[in-house]
Amino acid sequence: MDVIEKDNESSVTVKTSATNDSDEIWEIIDKEDDEDLRNLSAAVYAFILLVIGIPLWWRMTEVQRHPLPYSQISELSSMDIVIATDIFVFTKNPSDTERIIEHIYTKFNSTMFSVKAQTSTLIHSDDTFEKLETAITPLGSLQLIETTNVDSIVAGLGRNVYFPPATDISILMDSLERLLQTDALSDSMISMLNPGKHSEDAQVVAERQRRVRPSSNYNVLLTVVNPEPDKLRVSWKPEIPLNRYLQPLLNQLQLIANFSVQSQWLYLIDLIQKPVNLNGTFVLDKNQAQYIITPLEKKLGSGVSRDPCIHFVVYVTPCSFIPLYFHENNQLTTAMMSARWGGVQFLNADQIRCNESTESFIPDDLSIMSPIVTQFHSLIGVPDVSKYVLLMPHRSSTLRTWQLDSMYRLKIVEQYTNARITLTSLARLLGEISNIVIIEEVGKAVTESVEAAINVLQCLEKGQLEEALKFSKIAFETSEFAFTHPSLLALLYFPDDQKYAVYIPLFLPVMIPVLMSLKGVKKWIQLKYKI
């Protein structure tokens with residue numbers, strides 16, 4: 001019996017030891033599985049964070065910058081403006097014609113004009129003066145015609161320039177230079193590219209300083225001010241003379257810019273500066289016109305549009321100051337012009353109308369519109385050559401054909417130069433500041449502007465003024481659109497140091513455990529696969 005009990009105890013001991021060994025093995029296996037799962041989870045988490053998460057975050061937070069044609073923009077500064085122009089010469093003596101042609105090439109050899117002078121085949125010696133004036137000349141060109149019908153150099157209504165026989169060639173060349181506006185074009189370009197530099201011709205500089213700033217759209221606002229409507233009743237409809245005298249000119253300029261014409265009445269606005277009484281005539285100095293413009297500026301309504309506004313103010317003189325004039329250059333005048341702003345003129349009624357308030361004062365349309373049209377010519381840049389060349393009388397507010405050609409050339413140079421400066425400044429700004437967003441819309445606008453600017457130069461070299469004007473307008477508008485686009489300021493004030501200050505506290509607590517676990521994952525892989 002004792003033997004049997006010992007055998008049973010030994011068998012139980014063996015079974016118990018076997019069970020314990022089995023449990024230890026399973027515990028070891030479970031620990032290995034937990035370690036594998038833990039290391040595998042760490043590896044997957046690190047993979048998702050480092051390989052997928054960070055690149056995705058980097059892509060989502062990077063600044064959008066559409067590619068720009070930087071090389072083409074830089075090339076614009078090295079490309080010169082060359083305006084191809086044809087000049088036809090007619091004289092009765094072929095040798096005189098050749099001599100004039102030689103002087104033309106010498107005179108315009110160093111300017112931005114590429115002049116092609118040739119003998120005219122459109123003019124015949126037996127043509128009358130009226131027939132000469134109706135001759136059709138190509139756009140942008142000029143005809144120099146010798147005729148006995150004039151006593152001095154006369155610019156016609158079309159593209160003809162008449163001069164009498166035996167005219168001094170040097171005087172003829174100076175007149176031709178004024179008609180082509182070579183100094184005005186150079187001065188406009190130089191003053192924009194290098195502020196502070198300008199032409200030595202004082203008249204050219206003064207004309208440039210009077211012109212309104214370049215734009216594709218303008219507002220023309222005619223304001224009639226009646227300070228005493230209770231004493232003086234004015235019966236006048238401004239829209240009628242505007243349509244009759246100004247609208248034909250605006251239609252002629254439709255390729256240059258779009259003009260929106262409006263009129264308004266203002267009442268009970270008195271003169272701040274009291275005029276001086278000189279023997280019954282009241283006078284205000286030209287420099288005192290600011291005392292009229294300043295109080296009116298807040299009430300004219302020019303701030304309702306982003307487009308430049310050209311103001312014309314007709315101030316009905318109060319009854320106590322009739323007649324009222326401006327004093328300018330030792331002369332009395334009812335109208336004066338303010339550079340780049342517009343003009344002001346006094347409308348003097350009859351004293352009888354003041355005393356008899358029941359009868360309205362009806363002003364003369366032509367007397368009011370004549371100064372307005374003249375001032376408008378100066379404000380938009382119509383060349384004034386009356387001091388150097390006689391002008392054929394023109395019974396219309398529209399421009400002479402050669403004046404319109406000069407306007408085309410001037411606006412082309414202004415708009416192209418403005419677009420070139422804007423593109424260069426924008427390219428420099430975007431190149432220096434990497435935080436500025438360049439969306440696709442802005443990138444396309446810049447590309448379109450550069451292409452249009454290049455087309456401007458190509459059209460000018462071919463003498464295609466209308467096409468060059470259209471491209472210069474596109475280049476100007478698209479460059480301004482790109483430069484003033486609000487998206488450029490989206491991240492301008494969010495530099496890299498601020499970006500890191502925001503993201504480091506967010507990512508650092510997450511990245512430290514992940515990076516530390518990579519060392520354990522590496523050892524696990526080496527032990528697991530015996531690498």
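Ser406 counts as buried in this predicted model, with a relative accessibility of 3%. Ser406 lies in helix H12, and helix H12 is a good thread to follow, as it gives the most to the largest nonpolar core, with 13 residues. From there we can visit the salt bridges, a set of paired strands and a helical span listed in UniProt.

**Helix H12 and its surroundings**

- Which residues does Ser406 touch, leaving aside its neighbours within four places in sequence? Ser406 is in contact with Leu179, Gln181 and Pro383.
- Take Leu179 from that list: Ser406 and Leu179 are 227 residues apart along the chain, while their C-alpha atoms are separated by 7.6 Å.
- Gln403 also has its place in helix H12.
- Is Gln403 buried or exposed? Its relative accessible area is 7%, so Gln403 is buried, given that the cut-off for buried is under 20%.
- Setting aside neighbours within four places in sequence, Gln403 is in contact with Val382 and Pro383.
- Pro383 therefore appears in two contact lists, that of Gln403 and that of Ser406, where contact means heavy atoms within 4.5 Å.

**The nonpolar cores**

- How many residues make up the largest nonpolar core? It has 100 residues, and those with the most contacts inside it are Ile81, Ile100, Ile104, Leu144, Leu253, Phe376 and Val446.
- Helix H12, which covers residues 401–432, is the element that gives the most to this core.
- There is also a second, separate core of 22 residues, which includes Phe282, Tyr315, Phe321 and Val344.
- As background, nonpolar side chains tend to be buried together in soluble globular proteins.
- For a closer look at the largest core, pick Ile104: beyond its neighbours within four places in sequence, Ile104 is in contact with Ile87, Val89, Val115, Ala117, Leu144, Met173 and Leu176.

**Salt bridges**

- The count of salt bridges comes to 10.
- One of them ties helix H12 to a loop: Arg159 forms a salt bridge with Asp405, and the closest N and O atoms are 2.6 Å apart.
- Arg159 sits in the loop between strand S4 (154–155) and strand S5 (160–163), whereas Asp405 is in helix H12, 246 residues apart, so this pair links distant parts of the chain.
- Are these two partners buried or exposed? Arg159 counts as buried at 14% relative accessibility, and Asp405 is buried as well, with a relative accessible area of 2%.
- Elsewhere, Lys107, Asp174 and Glu177 are linked in a network of salt bridges.
- In this network, the side chains of Asp174 and Lys107 meet at 3.3 Å, N to O.
- That pair links distant parts of the chain, with Asp174 in helix H5 (residues 169–180) and Lys107 in helix H3 (residues 94–107), 67 residues apart.
- The side chains of Lys107 and Glu177 meet in a salt bridge too, at 3.4 Å, N to O.
- Here again helix H3 and helix H5 are linked, with Lys107 and Glu177 standing 70 residues apart in the chain.
- The members of the network vary in their cover: Asp174 is partly exposed at 40% relative accessible area, Lys107 is partly exposed at 29%, and Glu177 counts as buried at 19%.
- Why does Glu177 count as buried? Its value of 19% relative accessibility falls under the 20% cut-off.

**Strand S6 and its partners**

- Strand S6 (residues 217–226) is mostly covered, as nine of its 10 residues are buried.
- S6 pairs with strand S7 (residues 258–267) in the parallel sense, over 10 bridges.
- Which residue in S7 stands opposite Asn219? That residue is Ser260.
- S6, helix H8 (residues 239–252) and S7 together make a right-handed β-α-β unit.
- S6 also runs parallel to strand S10 (residues 309–316), and seven bridges join the two.
- Val225 has Tyr315 as its bridge partner in S10, and Tyr315 is also included in the second core.
- In a regular strand, side chains alternate between the two faces of the sheet.

**Regions listed in UniProt**

- An unreviewed UniProt entry lists residues 40–58 and 500–518 under "transmembrane region".
- In the model, the span 500–518 is 100% helix and 0% strand, and its end C-alpha atoms lie 24 Å apart.

Terms used. Residues numbered from 1 in each chain as written. Predicted model: local features only at pLDDT ≥ 70, side-chain atom pairs only at ≥ 80, totals over all residues. Heavy atoms only, no water. Core = buried A, V, L, I, M, F, W, Y, C linked by side-chain atoms within 4.5 Å. Buried < 20%, exposed > 50% of the residue type's maximum accessible area, 1.4 Å probe, protein only. Helix = DSSP H or I, 4+ residues; strand = E, 2+ residues; numbered from the N terminus. Pairing = 2+ DSSP bridges. Right-handed = clockwise from strand over helix to strand, strands pointing away. UniProt positions renumbered as here; feature names shortened; annotations may be inferred. Salt bridge = Lys/Arg side-chain N within 4 Å of Asp/Glu carboxyl O.
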